[in-house]
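Student: I should like to learn how to read a protein model feature by feature. Could we begin with general ideas and then turn to the case at hand?

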Amino acid sequence: MSTEHTMFSGIGVSAGVAIGPVVQVPPAASFDADEPATTDPAPVVDKVHEALEQVASGLEERLTRVTEKARPVLEATAMMARDPGLQGSIDARLSAGAGPTRAVHEAVEEYATMLSSLGGYMAERVTDLYDVRDRAICRLLGKPEPGIPELRTPSIVVAHDLAPAETATMDKTLVLGIVTAAGGPTSHTAILAAQLGIPAVVKARDVMRVPDGTTLAVDGGKGDVIVSPTQAEQADLTERAQLRAAALTDSQGAGVTQDGHSVALLANIGTLDDASSAAKEDVEGSGLFRTEFLFLGRQSAPTVEEQKEIYVEVLQLFGERRVVIRTLDAGADKPLSFANLGEEENPALGRRGLRLGLAIPELLEDQLAALGAAHRETGADLRVMAPMVATCEEAELFAEKARAAGLPSVGIMIEVPAAALRSEDLLSIVDFASIGTNDLSQYTMAADRMEGELANLLDPWQPAVLQLVQHSSRGGSATGKKVGVCGEAGGDPLLALVLVGLGISSLSMAPGKVTAVRAALRMHSLAACEQMAIAALKARGPEEARQAVLDLSDPNLEVLL
């Protein structure tokens, strides 16, 4: 790509406008393909462990230079460098003869594949893992650790992806904006950029072709990136930023439509650090606490007591606010060493989620026992739901086990079309349901959510997916049970209006998305949301659906998108 005027789009993850020259972040050094094999593992093991410890210590040294909200991110990445499972995997490769940098590379790739297969939030932790890999390999090669070049003037930082350690320690006076080719809406880069107030766009695939020094304009709300913007475009973007700031000024408190219809606005969390950060935000609780981090990288399942301690801590952080905890979603393409049911020809349709828990009952029963104990100790508003439920029999088995553990509120995830179509039957068994829009889109459209070339099919604006959301909501209405959405679709201010119009009672999203969604709801009545839902369902495709809804929305909403 030249410096000629052009525009492309990514995903806006931190609102605001930035205009300035590009500074490209060079790629990190790769492993040494020509290094000799390891013939005496013991000293090499020590050398690699020392490198990993230096990485962890280096990250911890940065803690004094970051905000309180950023500290947990660096601490979590340092923990990855010290993870016994990762070190054990590296040791095994060294013992088999791999060279040190190759052993680190291959062990990290194995872990990254596991995290990627989890999708969503956990998949976006791969960037943090790769940061550990790159820093360790550079130390083993005697090279400087990777990072952002020294900035001499205020600039737009452009990278394939950014490690949390780099984002957390950015100088806001010199970093005007961030654009990455990779990443996602809940990546640590996205979260930290929003916390720092730096406009950011991720998944802008063409940005790596923009030369250093080129003027770039970034709209971190819409996700637009303009190469060599005109004076008129720069003026328009600046005005948009001012209007957005004004629209968000009064966005505080509970989620409610213009005419007073309540819509709970909740946070998606995936680790204890996430819970600590989200609990400090203006949210009504957590609508999705993913528990996979408790189980990953271990040779045996966590004990009931280990799990209980974490659950108690999370519940105490949120106080009287609700916390919806999803039981372990692993198996098939997300194998655990202590719960591996063997290879499957089509893992996405295999024994994952609740199916794994029913195949290995002690895994599910221990988790429910820990959750029950945490509820008894705290008396918190704890709600528990199972992933990958497709039939009434599965719902009954889960509800029976959860209630036997003393859990008062038992629900299910609606992620497969069967559950959406039979939601009334399923909701007659359990107390609530939450729709996982990522998996529901994948299974509705027969498109692997990890396959970037099929992104259009996985667009949550697909009318077929919205129709299944409507089916799910109708099941809730028929049974008097609440149905929420905990997929990132709920964090789109425009799509959130459609979901509410379809009957959704709560929206759970990345915490940084809540303010804009709250503001959008307060601009529209429930009746207006219902009209938008009708328009979206009538559309022939996702682009037409979005445009039809935009045409019906308050003109002031545009600055939030």
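Tutor: We shall proceed from the whole chain to individual residues. This is a predicted model, in which local features need pLDDT of at least 70, side-chain atom pairs count only at pLDDT 80 or more, and totals for chains, interfaces and linings use all residues. Residues are numbered from 1 along each chain as its sequence is written, and side-chain values use heavy atoms, with hydrogens and water left out.

Student: How many helices and strands does the protein have?

Tutor: Elements are assigned as DSSP runs, numbered from the N terminus: helices are H or I runs of at least four residues, and strands are E runs of at least two. Here there are 22 helices and 16 strands. The radius of gyration is 23 Å, close to the 24 Å that the globule rule gives for 561 residues, so the protein is as compact as a globular protein of that length. That radius is taken over C-alpha atoms, and the rule is 2.2 Å times the number of residues to the power 0.38. Along the principal axes, the C-alpha atoms fill a box of roughly 65 × 65 × 40 Å.

Student: What percentage of the residues is buried?

Tutor: A residue is buried under 20% relative accessible area, exposed over 50%, and partly exposed in between, using a 1.4 Å probe and protein chains only. Of the 561 residues, 55% are buried. As for contacts, defined as heavy atoms within 4.5 Å, residues 24 or more positions apart account for 70% of those with a separation of 6 or more.

Student: Which residues have the most contacts inside the largest nonpolar core?

Tutor: A nonpolar core is a set of buried Ala, Val, Leu, Ile, Met, Phe, Trp, Tyr and Cys residues joined through side-chain atoms within 4.5 Å. The largest has 139 residues, and those with the most contacts inside it are Ile-90, Val-314, Phe-318, Leu-368, Phe-398, Val-498 and Leu-507. Leaving aside neighbours within four places in sequence, Leu-368 is in contact with Thr-327, Val-384, Phe-398, Lys-401, Ala-402, Ala-405 and Leu-407. Another core, of 16 residues, lies apart from the largest one and includes Val-23, Val-175, Ala-193 and Ile-198.

Student: Against which elements do the buried residues of helix H20 pack?

Tutor: For a helix, one asks which residues are covered and what they meet. Helix H20 (residues 514-522) is mostly covered, with seven of its nine residues buried. Its buried residues, among them Val-514, Arg-518 and Leu-521, pack against helix H9 (231-248), strand E9 (264-269), helix H19 (493-501) and strand E16 (506-509).

Student: And which residues of helix H17 are buried?

Tutor: In helix H17 (residues 437-445), seven of nine residues are buried: Thr-437, Asp-439, Leu-440, Ser-441, Gln-442, Tyr-443 and Met-445. They pack against strand E13 (410-414), helix H15 (417-421), strand E14 (432-435), helix H18 (463-479) and strand E15 (482-485).

Student: What is the sign of phi at the residue that follows H17?

Tutor: Most residues other than glycine have a negative phi. Ala-446, which follows H17, has a positive phi near 50°. Lys-203 also has a positive phi, of about 55°, although it is not a glycine. Lys-203 lies in the loop between E6 and E7 and is partly exposed, at 33% relative accessible area. Ser-228, likewise not a glycine, has a positive phi of about 50°. Ser-228 is in the loop between strand E8 (224-227) and H9, and is partly exposed at 23%.

Student: Is Thr-214 buried or exposed?

Tutor: A loop position is read from its accessibility and its contacts. Thr-214, in the loop between strand E6 (200-202) and strand E7 (215-219), is buried at 5% relative accessibility. Beyond four places in sequence, Thr-214 is in contact with Thr-3, Gly-20, Pro-21, Val-22, Val-227 and Ser-228. The C-alpha atoms of Thr-214 and Val-22 are separated by 5.4 Å, although the two residues are 192 apart along the chain.

Student: Where does Arg-62 lie, and what does Arg-62 touch?

Tutor: Arg-62 is in the loop between helix H1 (41-61) and helix H2 (71-81). Arg-62 is buried, with a relative accessible area of 15%. Not counting residues up to four places away in sequence, Arg-62 touches Leu-74, Arg-135, Ala-165, Glu-166 and Thr-169.
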